[in-house]
Amino acid sequence: MPSFLEDISRFRGTKERNAKGETLEEFLKAYDPRRYESPSCTTDALIFAHSGKPDPSLEGLSLLMVKRSNHPCIGTWALPGGFVNIREDLSDTARRELEEETGVKGLIMEQIATYGNYDRDPRSRVITTAYMALVDEKDVKVKAGDDAADAAWCKVHLELLSSRQEGGRITNSYALSLVNESKRLATKAMVQESIRTDGVIQEKNYIVTDQGMTAADHAAIITQALLLLKKRL
């Protein structure tokens, strides 16, 4: 196959031939990416909003959610997001999908996490990268579009239900609440945080134990983002 990129000069390394005697051009011509199963990539956007000034307790915080109009998870509430185009940077996908589904654009967005459990999507092996923004709600106008049946600000609240430590592992259980009275949405999801520490290295995992009316593993992504925000505010 021809090279995926037009300019391959920065990939020449020391310009040696490989063990087969191939130049970079010859290697790329013979390379077949179909030899390996390829996962699909998506992005999801967490747009948090406050009124005036964000409270360090996260009280009064809202999150922009969309109602899914198609399978999978039809009828549930999800983070705005979608599939990455083949020649598109992840951050550009996050901004494009956010605008297509909610009309929101021009935000500063930070990449915060990647979710890649093999069973997170029934369509294919889908890995998602989450991006986060924090805005003043009055500065953002929302309008549902693309494959979103609706888009709305939901009051979001995270409550720590229990915490236990066994050996080197800490397990925290959280209840995540999302409320929008005008949309008749009042749902609660349960998320478990698992933390293992080895010196300066910390391994964290977030698992949804009860989705409520949230899509797939989005409650886990939201929980992780809220805990990160709380540390910074």
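Biologist: Is Cys-73 buried, partly exposed or exposed?

Modeller: This is a predicted model, and every value here is computed from it. To place a residue, look at its relative accessible area: buried means under 20%, exposed means over 50%, and partly exposed lies in between. Cys-73 has a relative accessible area of 26%, so Cys-73 is partly exposed.

Biologist: How many disulfides does the structure hold?

Modeller: Zero. The general idea is that two cysteine sulfur atoms must lie within 2.5 Å to count. For Cys-41, the closest cysteine sulfur is in Cys-73, 19 Å away, so the two are too far apart for a bond. Cys-73 is in no disulfide either; the nearest cysteine sulfur to it belongs to Cys-154, at 16 Å. Cys-41 is partly exposed, because its relative accessibility is 36%.

Biologist: How do I read the overall layout? Which helices and strands make up the chain?

Modeller: Count the elements, then read their order. The chain has three helices and ten strands. From the N terminus on, the order is α-β-β-β-β-α-β-β-β-β-β-β-α. Along the principal axes, the C-alpha atoms fill a box of roughly 65 × 50 × 35 Å. Of the 233 residues in the chain, 39% are buried.

Biologist: What is the count of aromatic pairs, and which residues form one?

Modeller: For a pair of rings, check the distance between centres and then the angle between planes. The count comes to one aromatic pair. Phe-27 and Tyr-31 form it, with 5.8 Å from centre to centre and 40° between the planes. Planes under 30 degrees apart would be stacked and over 60 edge-to-face, so this pair is called tilted. Phe-27 is partly exposed at 36% relative accessible area, and Tyr-31 is partly exposed at 33%.

Biologist: Which residues make a nonpolar surface patch?

Modeller: Look for nonpolar side chains that share a stretch of surface. Here Phe-4, Leu-5, Phe-11 and Ile-86 make a patch of about 410 Å². Take Leu-5 as one of them: it sits in the segment before helix H1 (24-30). With a relative accessible area of 34%, Leu-5 is partly exposed.

Biologist: Why can charged side chains pair?

Modeller: Side chains of opposite charge can pair when their charged atoms come close. A search of the whole structure finds 14 salt bridges. One of them joins Glu-26 and Arg-17, at 3.4 Å from N to O. In that bridge, Glu-26 is partly exposed at 40%, whereas Arg-17 is exposed at 53%. Another joins Glu-99 and Lys-105, at 4.0 Å from N to O. Glu-99 is partly exposed, with 37% relative accessibility, and Lys-105 is exposed, with 60%.

Biologist: Where does Glu-88 lie, and what does its side chain contact?

Modeller: Start with the place, then list the partners. Glu-88 lies in the loop between strand S4 (81-83) and helix H2 (90-102). Its relative accessibility is 19%, so Glu-88 counts as buried. The side chain of Glu-88 makes a polar contact with the side chain of Thr-93 at 2.7 Å. The side chain of Arg-96 is also in polar contact with that of Glu-88, at 2.7 Å. Glu-88 and Arg-96 meet in a salt bridge too, at 2.7 Å from N to O. A network of salt bridges links Glu-88, Arg-96, Glu-97 and Glu-100.

Biologist: How far apart in space are Glu-59 and Leu-158, given that they are 99 residues apart along the chain?

Modeller: Distance along the chain and distance in space are read separately. The C-alpha atoms of Glu-59 and Leu-158 are separated by 9.3 Å. Glu-59 is in the loop between strand S1 (40-50) and strand S2 (62-68), and it is partly exposed at 47%. The side chain of Glu-59 makes a polar contact with that of His-157 at 3.4 Å. A further case is Glu-181 and Lys-155, which are 26 residues apart in sequence and 9.4 Å apart from C-alpha to C-alpha. Glu-181 is in the loop between strand S8 (169-180) and strand S9 (185-198), and it is exposed at 72%.

Biologist: Is Ser-194 buried or exposed, and which side chain does it contact?

Modeller: Ser-194 is in strand S9. Its relative accessible area is 11%, so Ser-194 is buried. The side chain of Ser-194 makes a polar contact with the side chain of Arg-169, at 2.6 Å.

Key. Residues numbered from 1 in each chain as written. Predicted model: local features only at pLDDT ≥ 70, side-chain atom pairs only at ≥ 80, totals over all residues. Heavy atoms only, no water. Buried < 20%, exposed > 50% of the residue type's maximum accessible area, 1.4 Å probe, protein only. Phe/Tyr/Trp six-rings, centres within 6.5 Å; stacked < 30°, edge-to-face > 60°. Patch = residues over 30% accessible without salt bridge, like charges linked within 9 Å, V, L, I, M, F, W, Y side chains within 5 Å. Areas by Shrake-Rupley, 256 points an atom, 1.4 Å probe, with all protein chains shown as cover. Salt bridge = Lys/Arg side-chain N within 4 Å of Asp/Glu carboxyl O. Helix = DSSP H or I, 4+ residues; strand = E, 2+ residues; numbered from the N terminus. Polar contact = N/O pair within 3.5 Å; in protein donor to acceptor, adjacent residues only side chain to side chain.
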